[in-house]
Structures are given as structure tokens and as C-alpha cells.
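Welcome, and thanks for taking a look at this one. Below is a short tour of charged pairs, a helix packing and a residue in the interior, arranged by topic so you can follow along in your viewer.

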Amino acid sequence: MAFIRRNWTPEEANKWTREDVIAIIVSPFAYAFLMIGVALSLLLFLWGFVFLIIGIILTGVMHWVIDPKLKAVSSEYEKKQREYIENLEKIVSWRE
Amino acid sequence: MVKFAFLDYFWLVLYLILMTGAGVLFYNLGKRSEADFFLAGRSLPWWLPAMSVYATHTATDTPMWVSGVIYKHGFRGLWYTFFSAWCAIAAFVSARIFRRSVAYSQAEWQSLRYSGLGSELLRGWMAGWGFFLNMFILGWVGMAMGKLCNYLFGWENWVGLVFFSSITAVYVLSAGYWGVVMADFQQGIIAFLVIVIASLWGVREAGGPYGIVQKLYELGESWRLNPFHFTGFFSGDFPVAWFITMIIIAVLGGFGMGTSIDWYAEAQRIQSAKTVRDASYSIWWGTALTLMRNAIWAVAIIAFFVMNPFLTDVKEYEMAWFRIAFEHLPAGMTGFLFAGVVAIHISTISTHLNLGSIYLTRDIYHHYVKPDASQKELVWMGRIATLFLLIGSFIYGSMMEEITKWLIFALWIMGAGMWLPNILQVVWWRFNSWGYLSAWIANLGFSWLVVWILPTFGVIPELPDYLQFWILMFLTALVYIPVTLLTEPEDMEHLVKYYVMTRPIGWWKPVEEEARKRGLIK
């Protein structure tokens, strides 16, 4: 099995897996590199451009890893959402 | 004082027409139901709430605050603005869990996560607190606009506060969240353009990128270009200990709900997204744009520093970005800039008008006062609540000088000792409503003691804020952990329902096993 999974059944995608952990770890670094990269590259520092490119690559990697899973979670959840909203309306209206 | 030319008036009037037009256009969608008035029918693609996240967190006082920290600290001050990085993890954890709960507000989520009397107490408390918090933010941001108009045009402070908030209320009352999010989209684009143009113009005026760097070296201030220029591990005004604390609070806070005050506005955007995926990307990209905006501002403020070095009056250098923009842009562009500032302002006001009214409508009126209210009644209740907030914000705004320090204290106590409970309620099945309630109460008491009372009487020295955070977190835990363990867990039936619906992360094994035993999950 590949280190990063790209195909998910809805039930498998509902579990927290390695792909979530990778996205969680990569994401703050992507933010930090993008922020510092923009600031330093506007003053034309070489390191600024390097940081900015690293930030863009990390963002791309994060999306590549997590997007198939998010798609699977979403498609499965949309089917159940109507039922959950109906339950919520019962709770808010004291009908339960 | 700033003088407007014809072109300046043109930009401003054009923008005001565009903005109020958004409300009129989406009136028919906003009035359809409670879900439309507050969540745009949970139907938005990720880029609309993303732009709304960005626009909302670009308020009139934001450039003042960013100017303050960057002027004082240089690029290392960017880490003060990095608190919004809680969305780095939240986008893939708490946003996913919250979106699946389908709760309208954080207060409603409490009643899905917890059960019984404790859950109702929490919902009522969170709703009341949320309503007044939004009123406070409206007053605060509105007064920042009043002060800016005073600086620019010499108007009395209340004029800018009342005029621009009232204009905003027109489309929020008409179209609810539909109006907010659609207007935010155009406001976000205008605000971003204005920030980029004005900031780059400032860089040009200061001698361009190379000129700025050279002048910083000549002034002996080149350290300002280093984002990691620490003053020691514990010593100085930028210690490593502060940096580590801030990174932990910001980033790990993403596992919880409510660890940042911005969560409550984001929660509405998460819920308005059409899928879980859209919800995740909306807050991730909205925050990415916010952080890059801070970086652009930071460069402009460094440019301001080389033109006006060594200012010591905070009130003076907090206006750095506004000054660089209004004092240096050519004639005809001032109105464009002011239209951008109006965009910045109005996007924040509209969000908090609509967000605050959710609590009064959904969590108080619909839940407790009139559970069988029709959709039409609920939309009208939303409008009445919006009007209450507007009027309340004028009163708050006019009192702001006196109450600000008290309210900032209230925000601080919410942030320190509540940080961990806000995470625990998401990741630990055994954490219950009594634990959460006791954390609120304990944190209130300990914050008074640690932040004010004990230092005032000389019992303990005045502590740096990062140390206060750790002490409050520890002391509060001494109360809520025993309370949680000595009281009953939440009802298993309720927890199983919540688990199946949201699939939370963390320590949920007993609930997961029960759900599996009942055949609810595979």
C-alpha cells in the first residue's frame, strides 16, 4: 500500500489517519513560510523568495495529501446531513 | 486633515452604492428561512466564506495594531500576528468536527456535545456572552472608525461610529448572512487591492526595497529585518519563552473550539460552507490571505520607520500604515484608499451584527422563548436582534475609554485558563459540562488573582503574559479535572449520537465501541 493513500471509501475516510497527521504538521509550516516569505521577498531578499517557494510547495503537498480524503468525507456526509439537520431542529424546538 | 478631490468622492460614492446594492440583491434569499438569514442555507463554495474570513479579520483597528507591533519589534513582530495560525490545524480538525455537527453557533454545539442541565446552562451562558461580546467588538471597531474619521476629516468621534455602522446595518437587516458574505467578497478584494497599492507606494516613497534596507543599516536598526531576533530565553521584550508559548497557543489551539476569539466568526463561516471540504478550505485560505496581508503591512511599516525613526508615542506610530497611505498617495487616490478603509471597516461590522444576532435568535428566542416560531418570525427576530446590537454598539462605543481595560481583561480570562478545556471538550469523551462550567468559574477567579489582585498587593511580582498563561492553565486544571472526574460522564446515548455525527479526534474509545456495538458505525 502506498505511503499516502489517494483512494478512499467513505467509511475509511471518516477515521483519523496518517494523511490527517501529515496535513496537521505541514499546514502551520506552510503558513509561517508564506508569511515570512512575502515580507522578506518584498524587500528583495534572496531568502525571502526561497521561503516563499517553500511555503507554496508545502501548501501544494498539504492539499495533495488531504484533498482526496476530504472529498470522500464530504460526499458521504452530505447524504446524512438532512437527517442530522432534522434532528437538530427537533432539539431546538424541544420536540424530543 | 485630508481634502477630497472630485475623483476621491467618485470612488467613495461608487463603493457605497456597490455595497448597499449587495443587500438589496440578496434580500429575497436572506428572508427565506433562519438557515438562510444566518448561514446562507449552508450552500457556499469555499472561496466565498474564505474571503469573508479574510475581510472580517481586516478591521479598522487591525492596521493600527499591526503598525504598533511592527514599528516596535520589526519583522519579529509578525509573530504577534501569527495567532491566527490556529486555523492551520483547525481547518483539518475542529472545522471538520464542527461542520459535521450542523450547529448554528458554538452555543448550540455545546448542547450537542453535552447533555442535561449542564448543557442547557452552558448554552444559555455562551449565547448571552456571545451576544454581548459581539456588541463589544462592534463598539470597539466602530469607535476605531470614529477616531480615524476624526484624524482625517476632523469629525466628532461619534459621527464615524454611527454613520458607517448604520449604513452596514441596511444590508445586514435586508439580506442577513447572504448580504454579509456577498458584500464581504467585494470588500475583501477592494481591501486587499488597497492594502497592496498603498503599502507598495509607501515602500517606493521610502526609497524602494534597497533604500529601506540601506537606511536601516545606517540607523543601526538592521535587526528589524530578522523575524527571529530574540532578546534571550526569558529576558528582554522578545524572549524565546514568549515565542514558544505563542506558537503553542496559536497552533495547538486548532484542536479545540473557542481557543481563539476569532473561532466564533469562523464557526459561522464553517457552517455556511456547502461541504466539509469547503469548510476546511474556507478557513485555511482565509487565514493564509490574512497572514500574507500582515506581511505586506509589515513591509510598509518598516518603510514608515525609516522615514520616521524612533517615535516613542504609541498613539503616533500606531497610525503608521494610515499615515503612509494618506500622506503619500497622489491626489485622486485618497478617495480610493478611503473607500478601501470603509470596506475594511464595514466587512467586520456586518459580520458581528449578523453573528451576534444568531445567539439571540437561535439560542435564546428559538430555543427557550418560542420553540414553535415560524421561519418568517425567526427571520424577523434576527432583524430585531441585529437592531439591538447596532444600538448597543453605539452605547458601548461611546463608553469605550472607560470600559476597554475591563473588557480586555474579560477577553484575556477567556483565553488563558479556558484554552485547555476548549481543547479537551473536543478530544476527550470523559470531559463533561460540569468540568467545562467549573473551568469558566475557576478561571474567572484565578485571573483576578494572578493578573491583578496579587501583584497589586505585592504578594507576587507582575508577571509577563506568557507566564500568566501557564500559571492560569495549571491552576484552572486543578479545579476542572477533579470536578470532571468526580461527576458523572455525559449520557452515553447522547455521546454516541454526537460521535456518529461528528467523528471527533482524540480519546473517544468507549463511545466508539458503544457505537460499533449498536451497529451505527463499521
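In helix α23 (residues 509-517) of chain B, B:Arg516 and B:Glu512 sit four residues apart, about one turn of the helix. Please keep in mind that this is a predicted model. The side chains of B:Arg516 and B:Glu512 form a salt bridge, with 3.1 Å from N to O, and it is one of 24 salt bridges over all chains.

**Salt bridges within a helix**

- How exposed are the two partners in α23(B)? B:Arg516 has 35% relative accessibility and so counts as partly exposed, while B:Glu512, at 22%, is also partly exposed.
- The cut-off for buried is under 20% relative accessible area, which is why 22% places B:Glu512 in the partly exposed class.
- A second pair of this kind is found in helix α16 (residues 320-328) of chain B, where B:Glu327 and B:Arg323 lie four residues apart, about one turn of the helix.
- The side chains of B:Glu327 and B:Arg323 meet in a salt bridge at 3.1 Å, N to O.
- Here the partners fall into two classes: B:Glu327 is partly exposed, with a relative accessible area of 45%, whereas B:Arg323 is buried at 17%.

**A salt bridge between chains**

- A:Glu89 and B:Arg362 are joined by a salt bridge between their side chains (3.2 Å, N to O).
- This pair crosses between chains, from A:Glu89 in helix α3 (residues 46-92) of chain A to B:Arg362 in helix α17 (residues 334-369) of chain B.
- Are these two partners buried or exposed? A:Glu89 counts as buried at 18% relative accessibility, and B:Arg362 is buried with a relative accessible area of 0%.
- As general background, side chains of opposite charge can pair when their charged atoms come close.

**Helix α13 and its packing in chain B**

- Helix α13 (residues 263-272) of chain B is mostly covered, with ten of its ten residues buried; among them are B:Trp263, B:Ala267, B:Gln268, B:Ile270 and B:Gln271.
- How do helix α7 (residues 94-101) of chain B and α13(B) meet? Their axes come within 9 Å and cross at roughly 60°.
- An angle of 65 to 115 degrees would count as roughly perpendicular and one under 35 degrees as roughly parallel, so α7(B) and α13(B) are oblique to each other.
- The crossing of α7(B) past α13(B) is right-handed.
- On the α7(B) side, the contact is made by B:Ser94, B:Ala95, B:Phe98, B:Arg99 and B:Ser101, and on the α13(B) side by B:Trp263, B:Ala267, B:Ile270 and B:Gln271.
- Sorted by character, the residues of this contact are five nonpolar, three polar and one charged.

**B:Asn354 in helix α17**

- B:Asn354 lies in helix α17 of chain B, the helix that also holds B:Arg362.
- The relative accessible area of B:Asn354 is 0%, so B:Asn354 is buried.
- Which residues does B:Asn354 touch, leaving aside its neighbours within four places in sequence? B:Asn354 is in contact with B:Phe37, B:Phe38, B:Val172, B:Gly176, B:Tyr177, B:Val180 and B:Gln268.
- One of these contacts, B:Gln268, is among the buried residues of α13(B), which gives you a handy link back to the helix packing above.

Notes:
Residues are numbered from 1 along each chain as its sequence is written. Chains are lettered from A and ligands numbered from 1 in the order in which they are written. This is a predicted model: local features need pLDDT of at least 70, side-chain atom pairs count only at pLDDT 80 or more; totals for chains, interfaces and linings use all residues. Side-chain values use heavy atoms; hydrogens and water are left out. Buried means under 20% relative accessible area, exposed over 50%, partly exposed in between (1.4 Å probe, protein chains only). Helices (H or I, at least four residues) and strands (E, at least two) are DSSP runs, numbered from the N terminus. A salt bridge is a side-chain nitrogen of Lys or Arg within 4 Å of a carboxyl oxygen of Asp or Glu. Axes are lines fitted to C-alpha atoms, for helices over the stretch in contact, and angles run from 0 to 180 degrees between N-to-C directions. Angles under 35 degrees count as roughly parallel, over 145 as roughly antiparallel, 65 to 115 as roughly perpendicular and the rest as oblique. A crossing is left-handed if the near helix is turned anticlockwise from the far one by less than a right angle, and right-handed if clockwise. Contact means heavy atoms within 4.5 Å. Ala, Val, Leu, Ile, Met, Phe, Trp, Tyr, Cys and Pro count as nonpolar, Asp, Glu, Lys and Arg as charged, and the others, Gly among them, as polar.
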